[in-house]
Structures are given as structure tokens and as C-alpha cells.
Amino acid sequence: MLEEILYMLPEISLVLGILHLCILHLLSYESPKVYAKVARIWLQVSLFCLIVFYDRSISIFYFDNNSFTLLFKVLLILFSYQLLIMSSAWFSAENQTGIKYLILIFLSLIASNYLISSINIISFIISYTILISINYFLLNISSQEVSRRYMFVFSLILFLMLGSFSYIYITSNNLTQYKELSLFFSHTNNDFKLYISAIGLLLPLLFSLGIVPFHAVKEEEIAKSILPVSHYFAVIMPLVFWSALIKYKEVLAFAYKDNLMQSLEIISILSIIYGAIGANSRINLHRIYTHGSIYHFGVILMLLSFFNQHSTFSAFLYLLLYVLTLNGLYSVFYNLKSQGEFLSAQISLSGLAQTRPHTTRALLISIFSLLGFPPFAGFLAEFSFINVFLQYEKYLFLSIILVFFLILAKSYLEIVKTAYFEQKIKSYDTENKTVQLITLIGIMLIISISFNPFGIIEKLKDMFYVIYL
Amino acid sequence: MVINTLLCLTFVSIAGFINRGVRWDKIIAWIMFFISIFLLYNYIEQIINGVKQGFSFVWNESKSGVLTIDFFPSPTSNQFLVPLFGISILAIFNNNIFRYEERKAVFNSLILINFVSLSLLICAQNYVQLITAIFVSDIVGYVLLKDVDSSRHYVIYNFFADTCLFMVLSMVSGIINSLDISKLFTYEQIGRHKDFVGLVTSVALFIKIGVFSFHGYLLELSRARFQRMSTVSVLFSPLSGILLLVKLHNLLTVSDLFLPLYKVLSIFTFFTGTVFFVLKNNIRQKMVYFNMAFLGIILILLGENDFSWGVLLSSLYIILYLYNVMFFKLYLYQNRQDNVSDMINAKEINTDIMFVILLLLAILTNLFVSIMYNVSSSLGGMLSFYLSIILSLSLAIVLNHIYTSPKARRLDYLNKNSNRVWSFIFNALIIVLASYHFKAYNVANFIFLSIFFIIVWIPYIGATRRFYNNKFLQESSIANQIYYYILAVPLMYISRMLWLMVDTVFSEKIVENITARFNKIGISIFFKFNRKNYIHIILSIILGILIFVIPFLKRVMS
Amino acid sequence: MSLHLLLLIILIPLCGAFFAITAKSNSYSNKNVYNVAIWTELINTLLILYVFSMVNPSKTGIQIIEKYSWLSNPNVDILLGVDIFSMLLLFSVNISFLIAEIFMDRNIPRSQTLIASELIFISFLNGYFIAADIVSFYIFFSAVSAPLIILVSSYANLNKKNILVRFSIYNLIGAILLLVAIIMICNLKSNNIPLNTAGNVNIKGRMEYVVWLSIFFSFISRLPIWPFHYWISSINSSIKNPLVFIISNLVPLMGLYGFIRFWPNTVPKTIAVYAPFFEIICVITMLFIALISLSNKDMRYKLFAYTTVYYLLFLIGIFMPTNILKHNIGYSLFSYIIIVSVLSFLISHVETQKKQLNIYSSAGILCYMPRTSKCISLFILAGIGLPFTPLFWNNFIIISEIFNYNLVLGTFVMFALFIVGVALLEELYKQKDKTYATSSCIFGVDLSNLHFGICMVCILILFLSFFKPLWFVF
């Protein structure tokens, strides 16, 4: 019992954090900085416990912790830590405590931890459902219309998921563990209904990631939310869902490799095309970045469709570096404030270069990283994925990706053009020093990671490849 | 002690650029003159004593051989060097005497630098030294002119000529794989594109010499100060052209087209020069045409003499310079009057000087004709002699226009300058000594002089003055207009068309419209697919499922 | 023990850039920023001279190699190394920037951005010349685009903003093509390969086409080749800031350098068939841009046309079926870069004075500034082929080889050189034309003693380099 409690310490510390926040709220604390500080402390405790008990799980039937899960969880916590600092600045500006947001983030982290560690369909479905519900509540903070549509879509998806699970559970004689199901699928890989059920488990992840044609709510959930929430959806959630998808693909659905390859390639191409064109069609920065994400996720999915260790790690590296860059871009948003209002339209960048050189630098470095210029993070990602495509002689796909990359690049360069060439429209408020510091750290990471300091890429690879053991 | 003349001259010319004020400028200018005299004397002494002076240093190495800068004067090259040195000293002397330049020392330095570079040209044994010397001479000429209007076309024409030379020599050196000028004769055997080489080289040389139809830029020189104009006309571009002609004739004669063209152009050059020398009103332009006619004769002589130079040709060149000096004096003592039609028949002042000038011109012309007779006899053809007679008679006609001018009024006094008389003495000395040396004092010479004076004084010749009133003749320059309408205007037109039609219309407008159109199409397709209603969401789910289903079914069925 | 000298050459400007970025925005700090830039560049130049002294001119091939590990899977090590050719380019580029920094106007807005971006550009450009393996070559080739976009965005003409995007995408296309080709080569050889062996890679079949055409087009993307020249010419000629003008006009040098390093000495037969087409396009571009410069009244465009025509001359020299021209091209480029840099600043000085004097046209403006007039005249004459500069002699050899190869090609090349020379001379004459000048000199508008002295020092460098190309190597 004690062991189990110890192994649950990462989650327990998050729960304790929630309690602490509630107590503070009951004690009528009004400073968002206090809440954020408390939250960060508990986050640090959770991280510590996570590292100590990285390979321990409360139930080996439902969960399995190893270096692979540790990798994703640590990244999750680190990005969340930064998110909390930035969001406190936002809430301070809006004169809100942000306690609801903090509690929901913590709950989301708990659910995410379990989702990442799941090796059982039941735990997967439960943690996914909880996560979706938390996301609903988060969206509800910003816009009820969006949250309603979100709930509608994911209700359908959950319904599909439950139906698929039921069919699999009955057909497989109550098998729920990934490895067992994987064996089962390999013996019955010509069974259409089983195949559809397996897809039914994949679809929710694809919806959550916004892969075309399952992108219905992706744009709205980011574009119409308040800044901390859209930051969370843009940076934190993809890490969770991609880790789950990788696990699904490598462990559960490996038997359907031959069937899935082609389908994944098709939806990847659709995402790449849609993402690139969509980014060019939009003038709101959140929407531009969302469509950019769809493009990049299409590339990641294409890499995963090769069903190969090397390409899968390349996909992970691409994801990590992309998320790091996107994080840098989002940190710029926290500096884009005019008369107390946070700005998100592309036109609001007009004259930024003349009045806010530091912010412009952060924006530029992030965009250059997205464009794949060395020595930024994006270059390493570009190098890695092109290497994989050429090794596997996927020349046609590579050509499509690169052509649409140029189209996507146009939208990023338009942002640069607006920041430098357009005349100033708004006068910006004074930049927050903490936000600037975090932005600077983020930018330093974007610059330094491509140098592979301390052999970090190799270490990440070692941790990642545990999934194949 | 063997003093290296070129090196000394180089140092002297550098010293001339030191700016220490007007008084020091005069002193330095005279010092430069006397040093030059001494160096000339020393050089001649060394030649007589058979002392060899020269230098060579390795500059660079290439696959074509070792590149050196050489100065080893031979008896042949001394036939150029000594007269050229003499003319340069004369030019320095005249500059010092006549107070025309604000900074005399600089003018003198430029003349000396030009002499040094032409010496290197004369003694060049490789192409690089040759071209370097040519470029330096052109640049010094441009610096000497100072005047923008006059030097503009001078620079561009010479730039074109130098580019042609550069092109041809680089091509030749690549083909015969050597930078050595002495190996030029091998081009005839192994060379390719002989007509191209011959014609391009000849165009370059014709421009530099200023032959008929290529002489437009020399006319522009008439806008500069007289002294500068005459110095450049004699010592710079045309002279370097002639020197190149002598050095590179092997390259010219590889093409069969060259010699006929050369002969025709030489004749045309002479006649154009002679005719316009008489018809033009402006004395500076007259001088340019006179030089042109004179050079035409020299070109004919060179053609008859297989392009080899000699003492007589050097003498002719000195005479050409002396003619320029005399014209300058005429101009000066006519109170710097440009138009011959406005020149006055001075009866009250400067009369003596004007007559002295006339006398000197007559003796000079007599000397010229005598030398021409000697040269023509030795070559066996009298064409050039007859042409020299024609030129002399046209000179007489022009002098008639000046000395029998209907205008008469008192000339103003020039500024006092007691040194001017030395110029006359010096020039007279040269002419008389030369006349004595070439035995230009026999009966035939006396008859010639008589005819010359008669033509100068006869009043009926003055009827040709009416051409001075013809505006078209006086103001137009057909050579310049030919080039303007054949070359400059079409090039500018093509340039503007390319700029507007290709760059602005095609690259900017059309390409931008096409990209904007594609962008619009993409955006409209995107918005069609990006509907947010619930039916659309359900349809997208169905589509997604189908994407997974169809490949599975295909695989199972296959 | 290696002293990491080559790495230092790359890092020193980056340190300077770091100081520039972190400086405060006030007038005192701005002055410091300029001083930091000058000292950084001076130290870097001296270091380059020191490294130059360690290079043996008689040896061919890469010397002074430094190796750094980067990734272990795929196994990619970064190699840095130099030879005489790259050292010449390094030295001339750094000297040019040093001159540029001394000449620079201290009152430019956003000077921190300018200096920082300039130093980052220098750092990456140095890295490009020092890279000795294909991956690091690509890294620096692509990295240069980032500071270039910042500088062009900051200082280009507002009317050209739409062209900026196309210009950037064109650069990006080049970078992507090169990356694809390099990764293909690495996969073929299962490793990163040194740069000097890139030309000898034996590729068979369709891949040969893909690799060499990708490499070809990637380097072409840096050069203003017709019909893709428009956005490069638009951007370059619209930049008023002379430092940024120099930077943007050094970008074609990267394409040229890439060809020298990559292009195989024995071109595969499959590719050699297309060589004449490429030569025709080069000549068309030279003639096209040279002819436009005749009627374009902007002196900067004329200078841009001059740089383009000469770059293409050197490019044609690279494609000659002989490998003896490399050093000649290097020596020519050495003087050419210095000439272009100084001219850029002199032209900018004239433009500034034109504005201050409220003059609309530049006709006769040099009459007011005799020193500037002398310097511009000298440098234009040096640029168009004045003897006593290395440009003259080395161009002689290059043109000689071109004529040896093909007469018509050589004739058109010479014609283009002539036209662009005339365009510059015409503009020079227009600016010296006394008929438009109201006086012979105006106090305070001429070059300062320092700037004039630097011009004279540059002339001296060119003059000494004419007689002994590597006179500065001790």
C-alpha cells in the first residue's frame, strides 16, 4: 500500500497542490502571483517524485512507467512550469486570480500522466475522457459556443471509442492490455470489424491533434480561447496526444501496419496541404500558428507511418523541436499588449520592429526556427526528417512536403514583413520583465539545442527507444 | 655612372606633385625642366658610348611564363625614345614659359609619367606591360585634360579601344600560350579567328590614332585649354596608337582584310583632315584636323615601310609637335581668339611677332616637305610627298585667312612675359638646325617657299572664308553623329525596353499578378472546405473513416 | 595542440553581436556598439592574418583542419579547414567590413540591430568559407539567410515589401535544394564527407541528375541569374544603407564559392550536356543587366549591375574546362570585394550630401567635394580594369581562358564588361559635370580626413597586391 502511495507521489503532489490552491482561495487570497507560485512549487515536487519513481507504477496491469514515459512527462511538466509563469502575468494583467485555470491544469496533468503511462485500453479511455472533460472546462472559461461544439464533437468521438472498445473487448475475450491485444490483432488482421474498432481507438487521438479531416475543432479551441488556454492547447496537449499515439502505433496497432501505412500517408498529405494553405488564408496569429501546427503534425504523422524505429524517433525529435519553437512564438503573445488588451491579429505586429526590438527578436528567432534556418532548433528537425525520407526513398512525399513548406513559409514571412514594414498602429504597453526573461530562456533553448549540447539528442534517443524493449 | 633614366624621371615626376605654393611651383617646374635636359643629355651620351642601361624585375608567374617588367632600350627603340623625350621636354619648356597652368609642376609631372609609360610600352616584351602602359597613358591624359566636357568622350572611346586590345591580347596569349610579344608572329600559323583578331585590333588602333570616322573624340578635346589639347593630341592617345601599330602589326596582318582597310582609311583620314582643316572656323578644331591629316601621312608612310619606324618618321613627329606650338602662338597672339573669321589682320601691334610666326611656319613647312621628299624617295613611292604638298598648300590657305583678314583693329597687349622670346628662339633654333641637317635650302625649297608665301598673301584665296559662315559645317560633327545614331541611341533604346518591358512589366507586374491569382484560388478553396457546421463535422468523420477503410478493403480483396 | 583558431574566427563576431544586442538603447551605448563592432572586426582580421601565415601557399588542398563532433547517429562531425582561396576571401571580406564599420554613419536608427545582424552575418560568412565538410557547409550557407532577412527587412525600401517575401522564399528554395542534395550524398557515403572530395562523388543513375541539379540550382538561387534576377536586383538596388548594400551584394559570392567547392572538375557527361545552355543564360544575364544599367539613373543600380556582371564573369571562369583559374578568381575577388565596399560607401556619402544640400539631381555634385571625386574616380577606374590592381591581371587570365574555350562567349562577355564600365563612367561624368555646379567646393561636404585616408590605404593595398598578391602574409 505504502509502495503504491509512493509511486503515486507525482500525482498526489499535484492533488495536494490543488488542495493548497483551494485553501488559498478560501482564505480569500487575491494575488495571482501567489497562486502561481504555490502551483509551481507543487509542480516542482511532482517533477522530483516523477524522476525518483520514474519506472514505478501503481498497477502494472494498467500502467507502465519507463524512460519513454518519463521523457514525455518531464517535458510536460517543464512546459507547464513555463506556462504557469506566463499565465500568471496574463491573469495579473486581467485582474483575475486564475485559480480555476490552475486547478484545471493540474487535473489535466494528472490525467495526462495516466494517459501517457497507460498500457491498457480501459485506463486509456478513462484518462482520455477525463482529459477531454478538463479541456471542455478550460474552453468554457473563454467561450461557451466553442466548448459546446467541442463537447458535441468529442461526445461523438467518445461514443465511437466506447463502441470500438466494447467490440474489441467482446471479440477478444476480455483482453484489454496493449500487448495482448496486439497479439490478438496480429492473428486476426484480416477481420474488417476488428480493424474498424482499432481505428475507432485511433480516431480520438487524431481528432485531438487536429489531423485533417479530423480538424473540426482544432482551430476554434486555440483561436477563440484566452491566451493561457490557447497556449496550453498549442503546446501541452500535443505532447500528451502524440505520446499516446506513438504508443498506440508501436504497441497496439503494429499488427495493422500494412493497412495503416497508406491511410496515414493520405491523411498526412491532406494535413500538410490544408495546413499550408490555411496558414496563408488567415490573418489572426493564433489561427496562422494552428494551421502551421496542422502542417507540422502532418509531417510527424507521415514519419510515423513508416513504422520504423528510426523514423519514429525522428518524428519525436521533430515534435519536440516544433513545440519548443511554438512555445517561443507564444511567449511573444504575452508581450503583445496594448492598453491592457492582449493582441492576436497579424496587423497588430505593425511597427513592432521599431518599438519593441527584444520582442521582435524573439518572434524572428522562432520564425526562423520554423523556417529551418540553422543554427536554430527547426534546422535539426528539418535535417532529421529529410534524412529519413531520403533513406526510405519517399521522394514524392518529400517533394510535396517541401513544396507546401514553401507555401507555409510565405505566411511566416508575411508576419516578418508586417513587423518590419508596416507603420505602427498601436502603442504597446511596457513589457513584463518576468515574461521577457522566460522568453529569453526559451529563445536560448531554441538556439542552443541544435548544437546538441552534452549529447542531449543521443540521451533522448536512449530514453525514447525503451518503447521498443 | 649609369643612371637609370626612367627611374629618375619617375622620382622627378612624383616630386612635381608636392604642393608648396605658387612660387615654389614655378621653381620646381624649372628644376624639372633642367633635370630632364640633363637626363636626356646623359641618355644620348650613353647611347653614343654604347653603354647599356635598363632594368627588369620579375613581377608574377603564370602558366604562360614568368611575367616581368622590362626596360632594355635597343637602337630601334631609341629611334622612338629620344625624339619622344625631346618632345616631352619641349612640352615642359612651353608649359614653363607660357603661364597657362595654375600648377605647372603637376602638368610637367604628368608629361613625364606619360613618357615613362610610353617608354615601357616601346620596350615591352610582354602583353601585360604593353596594356598597362597604354592604360596608364590614357589615365594620365584624362587627368591632364581636367575638363569634363573634353575628356568624357576621350575616356569612353579609349576605354573601348583598350577593352578591344585587352580582349584580343588575352585571346592571343591563351591561344599561343605565351605572353611574349616576340612570339606574335606564330599566331599567323596557329591562330584561329584571324579576321576577328585583325579587325578588332585594327578598330582599337584606329580609335586610338583617331583615323577617319573614329576621330570624333579628338574633336571634343578642342573644348579643353589649348595647351592641354595640343599636348594630348600629340603625346597621348594618337601617339600610343601609332606605337601600338608598330609593335602589333604582326597581329594586324594576320587578317587579309586589314591592309586594304588600312590604306583606304589612311587616305580618307588625310583628305578629311585636310579639307576640314581649311573649312573649319575654330582654330582648335583646325588644329585637330591638321594633326589628323598629318597622321594620315604618317600612316601611309608606315604602310609603305612595312610598319617599321625610322629616324625620318621621328623627325616628322617632332615637326608635328612644332606645328602645334606654332598654332598655339598664333592663337595666343590673336588674343586667344578661337574663330579664324574673327582673327584680325594686325597692322599696329604684334605685327612683328605675327610675321615671325609666319616665317617660322614657312621654314617648318619647307623642312616638312624636304623630309617627306627624302622619305618618299627612299621608299620608292611619291604619294606621301604629294600629299605633304597638298597639306602644306592648305596650311598656306589657312594662313591666308588669318594674315589677309578683312578685320583690322588694334590688338590688346598681352601680359608681360619676357620668357616668351626664349620659346621663339628655341623653336627657331630647332627648325633652322634641322633644315640645315636635312639640307632643306636648295633651289626647290626656295621655289616652294615662294609659292607658299604667294598663297599666304594672295587676296583671292580669301574667298574660301565664306565656308566659315556655314552653320551646319561649323557646328555639326558627322563622326559623332554617326556613332550617336548607330550605337548610342539603339543601345539606350534597347536598355529602356528591357527595363520597362521585361523587368517592370513581366517580372514585377505579370509575375505578381500570377502569384496573387494563385493565392486567391488557394484561399477560396480553403474557405469552401473550412465550414464549421455540424453536418460538415460529421461528414469529415465519415471521410476520415473511409480513408482508413478503403485501403484495408483493397488489400483484403487483392 | 589545436588552438581552435578557425572556430575563434567564427565566434569572435558572435561575441561582438552579443554585446551589441545586450547594450542599452541610449546615445552613449550606441557609440559603444560601433566601437565594439570595429574592435571585434579588427581582432578578427588580425587573427585571420595570423592564420594566413600558417597556410602554405604552395600546397593545394585544405590545411589547418579542426574537427568537432556534433551528432553520433547519423554520424556527423563538423570539419573546419582553409586553403589559400578561402583565406583570400576571408581576409577581403573582413577587411571590407572593417572599412564599412569605420565609414559608417553613427546616426542610423536601430543601430543595435544593424551592428548585431552585421556581426552575425560576418560570423556565418566566415564559417561558410572555413567549412571543410558538406554538412557544415550547408549549415553556414543556410544560416546566412537569417541575418540577411533581418537587415533587408530593416533597411530596404518600403515600396519593395512584397518583393521581400519572394526574395526570402527564393533563398529558402536554394537552401532546401542544397540540404536534400547533401543528405543524399551523406546517405550514399554513409557519412559526412570532406568538402574537397564532394566533386569526386561517384553517383549513378537518376540520383546523379537530382543531386547535381539540386546543387546547381541551390547556388544559382544566390546569384541574380535571368529570369530570376528581378527580386534580387530590386532589393539590392533599393537599399540605401551602404553596409546592408555590401552585405546583400556579398550573397552572390556565396553562390560562386559554392560552385568552386562543389562543382566537379570532371563534370559528369549527363550534366556536361547542359553546360552550354547555362553559359548562354549567364551571358544573357550579363548583357541584360549591363544594358539596363545604361538607362537606369540610380548609381546604386549601376553598382549592383557591375557586381553582378563580374560575379557572372567569375562564374563562367569556374565552368571553364580547366582547373587553373581558381587562384586567379580568388585574387580577383580579393580586390573586387574591397573596391565594391569602398564604392558603396562613397556613393552613400554622395547621396547623403545630396540630401543635406537639398539637391534633386546628382549632376555636378562631385564638384563640391574634390576628395570624394578623386576617390570615386580612382575606385571606378580600378573596378573597370585599371592596371595596378590584381583585378586587371587576373581578369586577363580568366578572359584568356574564356576566349580559348569559345570566341562568341568571350566576345559577349567583353561587351557586357564594356557596357557596365561605360554605365559607371557616364554616371561619374555626370556627377563631375561643372555646368551644373554652382561653386567649386562647399565646406564640410567632402570626405573627412579619416575616410580619405582609408580610401588611400585601400588603394595602396590594391597596388601592393598587384605586384605581390600575398604581400600581407608574413
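Trainee: How many residues of chain B are in contact with chain C?

Mentor: The model is predicted. On the other side of this contact, chain C brings 35 residues. Chain B brings 37 residues.

Trainee: Which helix supplies the largest share of the side of chain B that touches chain C?

Mentor: β1 (55–62), α5 (127–145), α6 (148–176) and α20 (478–529) of chain B each supply at least two residues. By class, this side has 21 nonpolar, 10 polar and six charged residues. The largest share is 14 residues, and it comes from α6(B).

Trainee: Which element gives the most to the side of chain A that touches chain B?

Mentor: That contact takes 21 residues from chain A and 18 residues from chain B. In chain A, α7 (144–171), α9 (192–209) and α12 (257–281) each supply at least two residues. With 10 residues, the one that gives the most is α12(A).

Trainee: How do the residues of that side of chain A divide by class?

Mentor: Just one residue is charged. Seven are polar. The nonpolar ones number 13.

Trainee: Within chain B, are α10(B) and α14(B) roughly parallel or roughly antiparallel?

Mentor: The axes of α10 (residues 226–235) and α14 (residues 311–333) of chain B come within 10 Å. They cross at roughly 165°. Angles over 145 degrees count as roughly antiparallel. Therefore α10(B) and α14(B) are roughly antiparallel.

Trainee: How many residues in the contact of α10(B) with α14(B) are nonpolar?

Mentor: α10(B) contributes B:Phe226, B:Gln227, B:Ser230 and B:Val234. α14(B) contributes B:Leu320, B:Tyr321, B:Asn324, B:Phe328 and B:Tyr331. Three of these residues are polar and none is charged. The nonpolar residues number six.

How values were computed: Residues are numbered from 1 along each chain as its sequence is written. Chains are lettered from A and ligands numbered from 1 in the order in which they are written. This is a predicted model: local features need pLDDT of at least 70, side-chain atom pairs count only at pLDDT 80 or more; totals for chains, interfaces and linings use all residues. Two residues are in contact if their C-beta atoms, placed from the backbone, lie within 7 Å. Helices (H or I, at least four residues) and strands (E, at least two) are DSSP runs, numbered from the N terminus. Ala, Val, Leu, Ile, Met, Phe, Trp, Tyr, Cys and Pro count as nonpolar, Asp, Glu, Lys and Arg as charged, and the others, Gly among them, as polar. Axes are lines fitted to C-alpha atoms, for helices over the stretch in contact, and angles run from 0 to 180 degrees between N-to-C directions. Angles under 35 degrees count as roughly parallel, over 145 as roughly antiparallel, 65 to 115 as roughly perpendicular and the rest as oblique.
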